[in-house]
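Please read the following report alongside the sequence and the 3D view, and find each residue as it is named. The text moves from cysteines to strands, then to the nonpolar interior and the charged pairs.

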Amino acid sequence: MTKIVTVVCQRCGQKLNVKGADNATSGTVTCPKCSNKLRVTFPAMNGGGGDAAANAPFEDKTVYDKTIYDKDKDPQAAQQPQPSGQGADETELPPMSGIQNPGLILFNGQPLRNTKGELNRLLVGQNIIGRADPSSPANMQIPTRDVYCSRQQAIITVLRMNNGSLRTFIRNYKNKNKTWINNVLLQDGEEIELKNGDCIKLADTIVYFVDQ
């Protein structure tokens, strides 16, 4: 017995129909369009199936919704998904483009500032956030004493959409330090969209994202 859950990628809007055994609870799948990792939670159902079914890889049970993404008509696209951050309706500008956006990171209730004391706003493109250090390449440096917070803890990517609106995403940097969003652990390779007021925990350091 199987159950099907439909999920939509927050990044590119791709819809996926994911199949799971009757006792499957949760897992992750990869969006074929932008390679974003998506969490899938299955509703509880009665029935057997055993632990093997519950732990089965969801990647092998994913059916793409052909009303949005028909890989039979476009096999080349199915084999070569678009790079992360470049969905059908968005355009990512070059990293560190210098274009400012209203996004701010708050630490201890105050927005981060640069060495000149000016507000350190997120830039359109890629922003590295981490513990402040003279040798750190991060452009969003947090003045924390938390030694478990890496100098390059996470990457915050700001995208400018075709309609001019901005969307902000976060993913963990390539390190072993953990990052939580609203007390939910950010999995390796997972990228989620930030909303106004979201709590970001970088190891033991807590900051907030505000869109203003």
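## Cysteines, strands and cores

The structure holds zero disulfides, and it should be kept in mind throughout that this is a predicted model. As general background, a disulfide is a covalent bond between the sulfur atoms of two cysteines. Two cysteines can be described by their surroundings: cysteine 149 is buried, because its relative accessible area is 0%, and cysteine 199 also counts as buried, at 16% relative accessibility.

**The sheet**

Strands of a sheet pair through backbone hydrogen bonds, either parallel or antiparallel. Here an open sheet of six strands follows the order E8-E7-E17-E16-E13-E14, and its pairing is antiparallel. Its edge strands are E8 (110-111) and E14 (184-185), each of which pairs on one side only.

Within this sheet, strand E16 (residues 199-202) is joined by three bridges to strand E13 (residues 179-181), and the two run antiparallel; in this pairing tryptophan 180 stands opposite lysine 201 of E16. Strand E16 also pairs with strand E17 (residues 205-211), in the antiparallel sense and over four bridges. Along that pairing, leucine 202 stands opposite threonine 205 in E17, while isoleucine 200 has valine 207 of E17 as its bridge partner. The hairpin made by E16 and E17 has two residues between the strands, and in this hairpin alanine 203 takes a positive phi near 60 degrees.

**The nonpolar cores**

Which residues have the most contacts inside the largest nonpolar core? This core has 22 residues, and those with the most contacts inside it are Ile105, Ile129, Ile170, Ile200 and Leu202. Strands E7 (103-107), E10 (140-142), E11 (154-161), E16 and E17 each supply at least two residues of the core, and the largest share, three residues, comes from E11. Isoleucine 105 can be followed further: leaving aside its neighbours within four places in sequence, it is in contact with residues including Ile129, Met140, Ile156, Ile200 and Val207. A second, separate core has 12 residues, among them Val5, Val7, Cys9 and Cys12.

**Charged pairs**

Side chains of opposite charge can pair when their charged atoms come close. A search of the whole structure finds three salt bridges, which are listed here with the distance between nitrogen and oxygen.

| Salt bridge | N to O distance |
|---|---|
| Glutamate 193 and arginine 167 | 2.9 Å |
| Glutamate 191 and arginine 171 | 3.4 Å |
| Lysine 195 and glutamate 193 | 3.5 Å |

The pair of glutamate 193 and arginine 167 links distant parts of the chain, since glutamate 193 lies in strand E15 (residues 191-193) and arginine 167 in strand E12 (residues 166-172), 26 residues apart. Glutamate 193 counts as buried at 14% relative accessibility, and arginine 167 likewise counts as buried, at 18%. Glutamate 191 lies in strand E15 and arginine 171 in strand E12, so their salt bridge ties together parts that are 20 residues apart in sequence.

Are these two partners buried or partly exposed? Glutamate 191 counts as buried at 4% relative accessibility, whereas arginine 171, with a relative accessible area of 24%, is partly exposed. Lysine 195 is partly exposed as well, with a relative accessible area of 47%. Salt bridges that share partners join Arg167, Glu193 and Lys195 into one network.

Note on methods. Residues are numbered from 1 along each chain as its sequence is written. This is a predicted model: local features need pLDDT of at least 70, side-chain atom pairs count only at pLDDT 80 or more; totals for chains, interfaces and linings use all residues. Side-chain values use heavy atoms; hydrogens and water are left out. Two strands pair if DSSP finds at least two bridges between them. A disulfide is a pair of cysteine sulfur atoms within 2.5 Å. Buried means under 20% relative accessible area, exposed over 50%, partly exposed in between (1.4 Å probe, protein chains only). A nonpolar core is a set of buried Ala, Val, Leu, Ile, Met, Phe, Trp, Tyr and Cys residues joined through side-chain atoms within 4.5 Å. Contact means heavy atoms within 4.5 Å. A salt bridge is a side-chain nitrogen of Lys or Arg within 4 Å of a carboxyl oxygen of Asp or Glu.
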